[in-house]
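Welcome, and thanks for taking a look at this one with us. Please open the structure below and keep it in view as you read the briefing.

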Amino acid sequence: MTAVAIPGLDNAPTTHSRVLEWVREVAELTTPDRVEWIDGSDAESERINQKLVDQGTFVPLKSKPNSYWAASDPSDVARVEERTFICSAREEDAGPTNNWMHPDEMKAIMTELYRGSMRGRTMYVIPFCMGPLGDENPKLGVEITDSEYVVASMRVMTRMGKKALDKFVKEDGTEREFVPALHSLGAPLEPGQEDVPWPCNDTKYITHFPEERTIWSYGSGYGGNALLGKKCYSLRIASVIGRDEGWLAEHMLILKLISPENKVYYIAAAFPSACGKTNLAMLRPTIPGWRVETLGDDIAWMRFGEDGRLYAVNPEAGFFGVAPGTNYKTNPHAMETINKGNSVFTNVALTDDGDVWWEEMENTPEHATSWKKQDWTPDSDEKAAHPNSRYCTPMSQCPILAPEWDDPNGVPISAILFGGRRANTIPLVTESRDWQHGTFMGATLSSEKTAAAAGKVGEVRRDPMAMLPFIGYNAGDYFQHWIDTGKRADANKLPKIFYVNWFRRGDDRRILWPGFGENSRVLKWIIERIEGKAAASETPIGWVPTADQLDLNGIEDTPLEDIELALKVDPEEWRQEIPLIEEWFDKIGEKLPTSLRDELEALKQRLG
Ligand code: GTP
Ligand code: SPV
Ligand code: MN
């Protein structure tokens, strides 16, 4: 085969042979006009941001330094679960919850899509590292993309560029493994053709080859579809690696809770997309003396340390947070983080004075440009910001960032929370009886669908461990992996598992629990349960506090009846839940661990 001369292709700042081979292979297939190797420098970032401004993708904000507004194509606003595939060699390894196609068949289809797909564009090669660079075994990747927006976002969300590439070849010359992650917008430009601000393609594929640990993404420029270090690598591929190596890759925030006595506890919590991880991770406690620091808001990798405790690391370096609902009252720390600048805002509204705005933020403007680039006023019928609009901002700017956030050893987890968005049935907080029962809680987690993925919002679906769209293998095997994890440590060293629901509603649809900073009252109860200090009531579903067993001192504007309703365990509602759990377990099929069937039977018995 004759080598094609593509400017930049030969400027590789690495000797890593597989990187060089793969980049050449992709360049020859996608035929970009030029190749750029991303070093992560400030000068490079300025140049790429300027290109995004010139293309009309970015509008610089006047109110925040080095920050930009972007509006996506209205069809490209969220993850596309229907178009997301786990292409394991055997269908049963993808399991009943994933879309599957044979790798050969998928590669044949996608190779034809990629052929010439970068024509007229620049192909960027982004070396990146998920998790601390100081890890003795850093988790490396290379994303190839033809999107400048992806380059700018990966700079915020990951440790990337030269500092990551330096890890690819060890001092003794051996080459480390990395995850090749290929992304194309699928929007080639013919000579003379004018570009659009948000190129993408109606045909979309978000594809994972778990045995090869590779990712191929096509047609979307948005978030979890295109920033391949995030959901594709750190959850779908990492969950497979974790299964094989004995650790967990989870859709969890990591927070540090400091008691009035200065005792430190680390908590990990899994809530489905747009169900409160970022908000809990940056919580400002309303109870005196308690403090929270943040380590991560979306993903946790957890493995056992030498002391037998489970340690968590956040693989990311930025927050890709839901904008609507964020304000100085609900999440002041997120507001302070973004106000320091260096952020990208996608699908929020742009105010006339060059700032961003979204629903429920303070200072509603009299006029703004909506995410659809239309005139917007408070009287408009449409929302100013898309419900899944996002800010992309560096973690390092968070005012309550825990100093140990970049520690390769991670932090020892005392409690794991599972939570969903349920209008009924699920009480504010429930303590599991033990790890197996906690795994049952996670495996049967349910939530109303949100705008974070394309499709109908509001439908209740099972979202096991908040990982339904992110488990890279058979969900039954994943549950077994959780059960096995609990057997690998002393029960007293394992995190205790709790189930929370901030979203229970009264008859008039009002949310019963005030949430946000007030969730610190629930965290306090959880810690005091671990310490053996707080009281709880035994119920058929686990240990649940009554209102007088929670610290409600100084809680404002919330009637006691509402709190009692939020805490209520209604056996009738639970009896209605049982067939839904049975249906779900039937869907998982023969790989469902028998221990989880036993838990279901035991729950039925206790409900009578
Ligand atoms: P992803 O980034 O999609 O994974 O979402 P997330 O889990 O980080 O959710 P996030 O914290 O961004 O919250 C999503 C929405 O839930 C926002 O609109 C919040 O305002 C709302 N929310 C978060 N916490 C609470 C809470 O305690 N109570 C209520 N009522 N709403 C909340
Ligand atoms: C989620 O949907 O859970 C997110 C946003 O955190 S995305 O990066 O699009 O996956
Ligand atoms: Mn998420």
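## Two ligands and two sheets

Around ligand 1, the shell residues split into 10 nonpolar, 8 polar and 4 charged. Please bear in mind that the model is a predicted one. The notes below go through the surroundings of ligand 1, then those of ligand 2, and then two open sheets.

**Ligand 1: where it sits and what surrounds it**

- Start with the pocket: the space that ligand 1 takes up is the largest pocket.
- The surroundings of ligand 1 comprise 22 residues, and the ones that come nearest are A274, K277, T278, N279 and R390.
- Two elements, α9 (277-281) and β17 (318-322), each give at least two residues to the shell around ligand 1.
- Of these, α9 makes the largest contribution to that shell, with 3 residues.

**Ligand 1: polar contacts and burial**

- The side chain of N279 places a polar atom 2.7 Å from an oxygen atom of ligand 1.
- T278 takes part through its backbone, where an N or O atom lies 2.8 Å from an oxygen atom of ligand 1.
- For D298 the side chain is involved again: one of its N or O atoms is 3.0 Å from an oxygen atom of ligand 1.
- How much of ligand 1 does the protein bury? Ligand 1 taken alone exposes 650 Å², and 90% of that is buried by the protein.

**Ligand 2: where it sits and what surrounds it**

- Ligand 2 also has a pocket to look at: it sits in the largest pocket.
- Glycine and basic residues around ligand 2 include G223, G224, R79, K230, K231, H251 and R390.
- The rest of the residues around ligand 2 are S273, D298, F320, A452 and F470.
- Sorted by class, the shell around ligand 2 holds 3 nonpolar, 4 polar and 5 charged residues.
- Helices α7 (223-226) and α8 (229-245) each provide at least two residues of this shell.

**Ligand 2: polar contacts and burial**

- K231 reaches ligand 2 with its side chain, a polar atom of which lies 2.5 Å from an oxygen atom of the ligand.
- G224 uses its backbone instead, with a polar atom 2.9 Å from an oxygen atom of ligand 2.
- A polar atom in the side chain of H251 is 3.2 Å from an oxygen atom of ligand 2.
- On its own, ligand 2 exposes 280 Å², of which the protein buries 98%.

**The five-strand sheet**

- Following the order β2-β3-β18-β23-β17, you can trace an open sheet of 5 strands with mixed pairing.
- Which strands lie at its edges? They are β2 (59-60) and β17, each of which pairs on one side only.
- Strand β17 is also one of the elements that supply at least two residues to the shell around ligand 1.
- Within the sheet, β3 (residues 68-70) and β18 (residues 344-346) are paired in the parallel sense over 3 bridges.
- To find this pairing on screen, look for W69, whose bridge partner in β18 is F345.

**The four-strand sheet**

- Another open sheet has 4 strands, arranged in the order β20-β19-β21-β22 with antiparallel pairing.
- Why do β20 (356-357) and β22 (375-376) each have a side without a neighbour in the sheet? They stand at the edges and each has a single partner strand, so one side of each is left free of a neighbour there.
- Strand β19 (residues 349-351) is joined to β20 by 2 bridges, and the two run antiparallel.
- A handy residue pair to look up here is A349 with W357, its bridge partner in β20.

Conventions. Residues numbered from 1 in each chain as written. Chains lettered and ligands numbered in written order. Predicted model: local features only at pLDDT ≥ 70, side-chain atom pairs only at ≥ 80, totals over all residues. Heavy atoms only, no water. Near = heavy atom within 4 Å. Polar contact = N/O pair within 3.5 Å; in protein donor to acceptor, adjacent residues only side chain to side chain. Areas by Shrake-Rupley, 256 points an atom, 1.4 Å probe, with all protein chains shown as cover. 1 Å grid on protein atoms, 1.4 Å probe; cavity = no way out; pocket = protein on both sides within 12 Å on 5 of 7 lines; lining within 4 Å. Sits in = over half its atoms within 2 Å of the grid points. Nonpolar A, V, L, I, M, F, W, Y, C, P; charged D, E, K, R; others polar. Pairing = 2+ DSSP bridges.
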